[in-house]
Amino acid sequence: MYADFFCSGSCCALIRSFVSSITSFRSSFSLSSSALSGSGGFPQQQYGGYGQHPPAAGYGGGYGGYAPAPQQPPVNPEIQNIFRNIDKDNTGRINNRELQQALINGRGDHFSDTACNLMISMFDRNKSGTVDIYDFEKLYNYINQWLQVFKNFDRDASGHIEENELTQALTQMGFRFSPQFIQYLIAKNDPVNRKEISVDQFIVTCIQIQRFTDAFRVRDTEQKGIITIGFEDFLGIALSMCS
């Protein structure tokens with residue numbers, strides 16, 4: 001069963017109208033298949049033979065006393081309400097802790113620090129460790145796309161993905177991994193040996209695979225799936241993924 005995705009106090013009435021979503025972002029999250037494109041419903045375009053890209057970060061709209069950016073459409077009122085409920089200190093910006101308090105996965109646990117830090121960093125245009133209402137609207141839509149992908153492969157609607165479901169998901173995204181590597185991905189995200197991963201772990205895993213794929217593809221100039229890499233180059237890639 002999928003829980004609400006954004007649910008907090010006075011905004012719960014708003015959330016109920018969006019409760020057909022997958023997990024819970026403490027105010028609401030609707031899932032729109034029209035926001036998806038590419039094979040398998042994976043966010044955005046096909047990416048060669050390795051996989052695909054998720055949506056790029058960006059911004060647009062207005063919130064509260066903020067004037068809309070030039071030639072930007074106003075932020076959806078529903079998203080404005082969500083933003084206000086998450087922005088507990090009323091700074092007009094959301095940090096990773098506030099985002100984490102708003103996001104709950106299918107197990108009833110808050111999204112991990114890793115997931116929240118990663119998503120904030122992807123939409124944090126000024127590198128402040130926070131997002132404003134414009135960034136948040138894009139982040140909101142981005143998570144919705146990932147939730148739809150997750151829901152598509154969570155065949156039994158359990159709120160988590162098991163080995164066979166993860167294999168299907170990654171295969172449809174364009175990756176052909178061995179059963180041993182799929183098992184490694186699950187074990188890496190599964191410290192209590194449930195043999196499953198939650199939606200936040202799924203998002204982080206896919207983004208990390210994609211980032212390494214980007215770095216690999218730049219060096220795989222002949223598109224053979226094999227590269228020779230220097231030690232410092234390798235360290236640079238690894239360290240950049242940790243930042």
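This is a short selection-by-selection tour of a predicted model.

**Whole chain**

Start with the full protein chain in cartoon view. Its secondary structure comes to nine helices and nine strands. Colour the 243 residues by accessibility, and 48% of them come up as buried. If you draw contacts with a separation of 6 or more, 56% of them join residues 24 or more positions apart. Switch on the surface next: the chain exposes about 11,800 Å², with carbon and sulfur atoms supplying 53% of that area.

**Helices H2 and H5**

Now select residues 77–86, which are helix H2, together with residues 133–153, helix H5. The two helices pack with their axes 10 Å apart, at an angle of about 110 degrees. H2 is therefore roughly perpendicular to H5. Show side chains where they meet: H2 brings Ile 79, Gln 80, Ile 82, Phe 83 and Ile 86, while H5 brings Ile 133, Phe 136, Glu 137 and Tyr 140.

**A salt-bridge network**

Stay with H5 and pick Asp 135, then add Arg 93. These two form a salt bridge, their closest N and O atoms being 4.0 Å apart. Arg 93 sits in the loop between H2 and strand S5 (94–95), whereas Asp 135 belongs to helix H5, so this pair ties together parts that are 42 residues apart in sequence. Is each partner buried or exposed? Asp 135 is buried, at 0% relative accessibility, and Arg 93 is partly exposed, at 22%.

Add Arg 125 and Asp 132 to your selection. They form a salt bridge as well, with the closest N and O atoms 3.0 Å apart. Here Arg 125 is partly exposed at 40% relative accessibility, and Asp 132 counts as buried at 12%. With Arg 93, Arg 125, Asp 132 and Asp 135 all displayed, you are looking at a network of linked salt bridges.

**A salt bridge between exposed residues**

The whole structure has seven salt bridges. For one more, select Glu 222 and Lys 224, whose side chains meet at 2.9 Å, N to O. Glu 222 is exposed, with 55% relative accessibility, and Lys 224 is exposed too, with a relative accessible area of 61%.

**A nonpolar patch**

For the last stop, go to helix H9, residues 231–242, and pick Phe 231. This Phe 231 is exposed, with a relative accessible area of 61%. Which residues join Phe 231 in a nonpolar surface patch? Select Ile 229, Phe 234, Leu 235 and Leu 239: with Phe 231, they make a patch of about 510 Å².

Terms used: Residues numbered from 1 in each chain as written. Predicted model: local features only at pLDDT ≥ 70, side-chain atom pairs only at ≥ 80, totals over all residues. Heavy atoms only, no water. Patch = residues over 30% accessible without salt bridge, like charges linked within 9 Å, V, L, I, M, F, W, Y side chains within 5 Å. Areas by Shrake-Rupley, 256 points an atom, 1.4 Å probe, with all protein chains shown as cover. Helix = DSSP H or I, 4+ residues; strand = E, 2+ residues; numbered from the N terminus. Buried < 20%, exposed > 50% of the residue type's maximum accessible area, 1.4 Å probe, protein only. Contact = heavy atoms within 4.5 Å. Axes fitted to C-alpha atoms, helices over the stretch in contact; angles between N-to-C directions. Parallel < 35°, antiparallel > 145°, perpendicular 65-115°, else oblique.
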